[in-house]
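Subject: The structure we talked about

Hi,

Here is the structure I promised to pass on to you. Have a look at it first, and then read on for what I found.

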Amino acid sequence: MTTCIVICLAAAIVESAGKLDHPARSNGARESGAIEFATLRVGSTEDALTLPGEMKAFNEAQIRARVNGYIKAWKYDIGAHVKAGETLASIDAPELDQQYQEAKGQLETAEAHAKLARLTSNRWAALRASAVVSQQSADEKGGDREAKQADVVSAEANLRRIRALMGFTEVAAPFAGVVTARRVDVGVLVGPSNPVEMFEIADIHQLRVYVRVPQSLAPQIRQGMKATLSLPQYPGQSFDAKVVATSDAIEANSRTLLVQLLANNDSGKLLPGSFAEVRFERLKKPNIVRIPATALMFRDNQLQIAIVGPDQRVSFRRLIVDRDLGSEVEVAAGVRVSDRIVNFPSRFLQEGSIVKQAERTAGGQRPS
């Protein structure tokens, strides 16, 4: 008896459910009940792009000795500001001194030989005029005179070379800047035979800032674009910079574009080697559509939204997000201002489902 009652109740429930569902079936879609529409906001935005950057000196050089010798004295240590051409260190080069004396002696010898060859050539030319000697002999003496004169030119060039090398015994700053490293002391052997870095000089009146921009954002970077720098040692402060060049090529390993900026450093606060956050001011975008993040749904391995058409039927559309603002997103494609977008879409919502808008309560809240 009990079994019969249960079966009858189940049959009655199925029959009543079929009757309730009949209108939807006749329309070819299932009614999904009441939904709430998302509120879209339209406006303009000034987008910004923040990326890490590396700061380097405008000019930097590692100073090495051009001649072999021993450090006789150094004049500037790290942190010293020097002018272009100022002497940083002196080198004692005894071998070079001997080469200079030898070159002077070779020049004097060559000049003496050239003088004698010139006198001899003139005498033989006079004898040739009297037909005392042959033309061949006179030509030989003339050729010897020219050869001896060439020896003089060669000896003079060698002496100038040695004299120029002796000028390198005074190690000078190639440009105005600050000494960032000193790696030698008095008595250290330096020169081509022992290529030690003596000093490092950095020109920091301006700093170069290098940033790697992802490939997807590379078209937005233009020469002359302004940016601001933020450094951890100066919280709350910002420094102006400007894009001066790009590599015009995407680096194969990182898929990034190398961008170079210049920042003035009149205050001297910016230091080469520092890390900086670089904030690029991008173009102002008009008519940007923002939708609440609660309207988004992940479906078929892509971000989608549910759109309600004029016939109250649901369709799904792929969404391309330009920027995620947390509680809402800025849309690059996939949404029109006139679209009616379902807020808080249910995972049971199906393509073609018929929906109706939920009534608001007196407080403007969704009915529970």
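Let's start with Asp339: is this residue buried or exposed? Asp339 has a relative accessibility of 10%, and since buried means under 20%, Asp339 counts as buried. Please keep in mind that you are looking at a predicted model, so every value here is computed from predicted coordinates.

To find Asp339, go to the loop between strand 18 (328-333) and strand 19 (342-343). What does its side chain reach? The side chain of Asp339 makes a polar contact with the side chain of Arg317, at 2.7 Å. The side chain of Asp339 also reaches the backbone nitrogen of Arg336, again at 2.7 Å. Leaving aside residues up to four places away in sequence, Asp339 touches Leu40, Ile307, Arg317 and Gly334.

Two of those names lead us to a sheet. Ile307 belongs to strand 15, which covers residues 302-308, and Arg317 falls within strand 16 (314-318). Three strands make up this open sheet, in the order 14-15-16, and their pairing is antiparallel. Which strands are at the edges? They are strand 14 (297-299) and strand 16, each of which pairs on one side only. On average, neighbouring strands of the sheet are turned by 50° against each other, direction ignored.

Strands 15 and 16 are good ones to trace on screen. They pair in the antiparallel sense over five bridges. Val308 stands opposite Val314 in strand 16, and the bridge partner of Ile307 in strand 16 is Ser315. The two strands form a hairpin with five residues between them. In the turn, look for Gln312, which has a positive phi of about 65°.

Now for the rings. How many aromatic pairs does a search of the whole structure find? There is one: Tyr234 and Phe239, arranged edge-to-face, with 5.8 Å from centre to centre and 65° between the planes. Phe239 has a relative accessible area of 12%, so this residue is buried.

Charged groups also sit over rings in this model. Arg299 lies over the face of Phe316, at 3.8 Å from the ring centre. You have already met the strands that hold these two: Arg299 falls within strand 14 and Phe316 within strand 16. Elsewhere, the charged end of Lys56 sits over the ring of Tyr210, 5.7 Å from its centre.

One more residue to visit is Arg279, in strand 13 (residues 275-292). Arg279 counts as partly exposed, because its relative accessibility is 35%. Not counting residues up to four places away in sequence, Arg279 touches Ala48, Leu49, Thr50, Lys226, Ala227 and Thr228. Arg279 and Ser230 are 49 residues apart along the chain, and their C-alpha atoms are separated by 8.1 Å.

Finally, zoom out to the whole chain. The chain has three helices and 20 strands. Of its 368 residues, 33% count as buried. What share of the contacts between residues at least 6 apart in sequence join residues at least 24 apart? The figure is 73%, and the contacts of Asp339 with Leu40 and of Arg279 with Ala48 are examples you can look up yourself.

Enjoy exploring, and write back with any questions!

Best wishes

Key:
Residues numbered from 1 in each chain as written. Predicted model: local features only at pLDDT ≥ 70, side-chain atom pairs only at ≥ 80, totals over all residues. Heavy atoms only, no water. Pairing = 2+ DSSP bridges. Helix = DSSP H or I, 4+ residues; strand = E, 2+ residues; numbered from the N terminus. Axes fitted to C-alpha atoms, helices over the stretch in contact; angles between N-to-C directions. Buried < 20%, exposed > 50% of the residue type's maximum accessible area, 1.4 Å probe, protein only. Polar contact = N/O pair within 3.5 Å; in protein donor to acceptor, adjacent residues only side chain to side chain. Contact = heavy atoms within 4.5 Å. Phe/Tyr/Trp six-rings, centres within 6.5 Å; stacked < 30°, edge-to-face > 60°. Lys NZ or Arg CZ within 6 Å of the ring centre and 35° of its normal.
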